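Please take me through this model as it sits in the viewer. At each stop, tell me what to select and what can be found there.

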Amino acid sequence: MTGAIQRVPAPLRRAVVALGLPVLLILTWWVVSERSQSLYFPPLRTIVAAFPDTWLDGGTQSRAVRDVLPSLARLAAGYVGAVVLGVGTGLVIGRFRTVRAVTEPVLEIFRAIPPPVMVPLFVALAGIDDTMKVLVIVFGCVWPILLNTVAGVRAIDPVMLEACRAYGIRGPARIRAVVLPAAGPQILTGMRQALSIGIILMVISEMFAASNGLGFTVVQFQRTFALPQMWTGIIVLGLLGVVLSMLFRLGENRVLHWYHGQRRSQRSG
């Protein structure tokens, strides 16, 4: 049996491992909900049947264009802003002990504030347009990126920094050649955590005074008791999270190929 499994091509084995549990859960959902008469938990076949008309009907005027694309644009703007702010600030705080001592108490206070609580404040400061939604995403996403960047910079081997001084590598050259590669694994860990937080905050921010977006659409379906359509929106959000996670993993493997290769060689050794 083990030999037969080992003869299966590695890509196929990985696909089976990755898709096995999701497929099992979908089949279980389909069977369990097949005879459901509940308004709030319709059969999965009803949800699947409602999906094309809900999201794809209308071409360029479909909800996939009117709601998904604006949500992705807000998520991208907020996420990129959080990466720039978190990595830039984290490099300074992690590098200079005095800056870290001064800012650490303030950072702990702001980090403890749940981002959804800030929505009314951002509405008062920035109005109800896209700026408010982007600010909410930035506020929630910046903390894991910032804290992981600080931890990554602090964990850099002092010998590497001393070697930079000895060879006269300073300023941006040192950051580009030594600091970012050494702290890169932890920075990307923070970015991965921030991505899932950003999707959550994208939805929450669109539930407040919005006219489009995934969060707005799901709430509208719920308020009008279009429950199968509401479930399709939840499925779209789940699929969006999976796709973004896969794209991030591909980018991470490309950026940190040297790191993963080093880890594999250490394990094999």
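Is S71 buried or exposed? S71 is buried, with a relative accessible area of 0%. The model is a predicted one, and this residue serves as the starting point of the tour.

**Stop 1: S71 and its surroundings**

Select S71, which is found in helix α4. Then add the residues it touches: leaving aside neighbours within four places in sequence, S71 is in contact with M202, E206, G213 and L214. Keep E206 highlighted, as this residue returns at a later stop in a network of salt bridges with R74 and D130.

**Stop 2: the whole chain**

Zoom out and colour by secondary structure. The chain has 12 helices and 0 strands, so read by the DSSP runs used here, every element from the N terminus on is an α. The C-alpha trace spans about 75 × 65 × 35 Å along its principal axes. Now colour by accessibility: of the 269 residues, 35% count as buried. A surface view shows about 16,100 Å² of accessible surface, and carbon and sulfur atoms account for 68% of that. For a contact map, consider residues at least 6 apart in sequence: 73% of their contacts join residues at least 24 apart.

**Stop 3: R74, D130 and E206**

Go back to helix α4, residues 63-95, and select R74 in it. R74 forms a salt bridge with D130, and the closest N and O atoms are 2.9 Å apart. D130 is in helix α7, and the two residues are 56 apart, so that the pair links distant parts of the chain. How do the two partners compare in accessibility? R74 counts as buried at 6% relative accessibility, because the cut-off for buried is under 20%. D130, at 41% relative accessibility, counts as partly exposed. Add E206 to the selection to show the network of salt bridges that links R74, D130 and E206.

**Stop 4: the other salt bridges**

The search of the whole structure finds 6 salt bridges. Side chains of opposite charge can pair when their charged atoms come close. Two more of these pairs are worth a selection.

Select R165 and E162, whose side chains meet in a salt bridge with an N to O distance of 2.7 Å. Both residues lie in helix α8 (residues 158-166), 3 residues apart, which is about one turn of the helix. R165 is partly exposed, with a relative accessible area of 32%. E162 is partly exposed as well, with a relative accessible area of 47%.

Next select E252 and R192, a salt bridge with an N to O distance of 2.2 Å. E252 lies in helix α11 (residues 227-255) and R192 in helix α9 (residues 171-206), so the pair ties together parts that are 60 residues apart in sequence. E252 counts as buried at 8% relative accessibility, whereas R192 is partly exposed at 37%.

**Stop 5: helices α5 and α7**

Hide the side chains and select residues 97-111, helix α5, together with residues 130-154, helix α7. The two helices pack at an angle of about 145°, with their axes 11 Å apart. The crossing of α5 past α7 is left-handed. Which residues make the contact? On α5 they are R100, L107, F110 and R111, and on α7 they are F139, W143, L146, L147, V150 and R154. Show these as sticks and colour them by class: there are 7 nonpolar, no polar and 3 charged residues.

**Stop 6: L85, beside α7**

Keep L146 on display and select L85, which is found in helix α4. The C-alpha atoms of L85 and L146 are separated by 7.8 Å, although the residues are 61 apart along the chain. Leaving aside neighbours within four places in sequence, L85 is in contact with V138 and V142. At 44% relative accessibility, L85 counts as partly exposed.

**Stop 7: L27**

End with L27, which is found in helix α2 (residues 10-33). L27 counts as exposed at 52% relative accessibility, because the cut-off for exposed is over 50%. Draw a distance from L27 to R111, one of the α5 contact residues from Stop 5: their C-alpha atoms are separated by 40 Å, and the residues are 84 apart along the chain.

Methods: Residues are numbered from 1 along each chain as its sequence is written. This is a predicted model: local features need pLDDT of at least 70, side-chain atom pairs count only at pLDDT 80 or more; totals for chains, interfaces and linings use all residues. Side-chain values use heavy atoms; hydrogens and water are left out. Axes are lines fitted to C-alpha atoms, for helices over the stretch in contact, and angles run from 0 to 180 degrees between N-to-C directions. Helices (H or I, at least four residues) and strands (E, at least two) are DSSP runs, numbered from the N terminus. A crossing is left-handed if the near helix is turned anticlockwise from the far one by less than a right angle, and right-handed if clockwise. Contact means heavy atoms within 4.5 Å. Ala, Val, Leu, Ile, Met, Phe, Trp, Tyr, Cys and Pro count as nonpolar, Asp, Glu, Lys and Arg as charged, and the others, Gly among them, as polar. Buried means under 20% relative accessible area, exposed over 50%, partly exposed in between (1.4 Å probe, protein chains only). Accessible areas come from the Shrake-Rupley method with a 1.4 Å probe; for residues, only the protein chains shown count as cover. A salt bridge is a side-chain nitrogen of Lys or Arg within 4 Å of a carboxyl oxygen of Asp or Glu.
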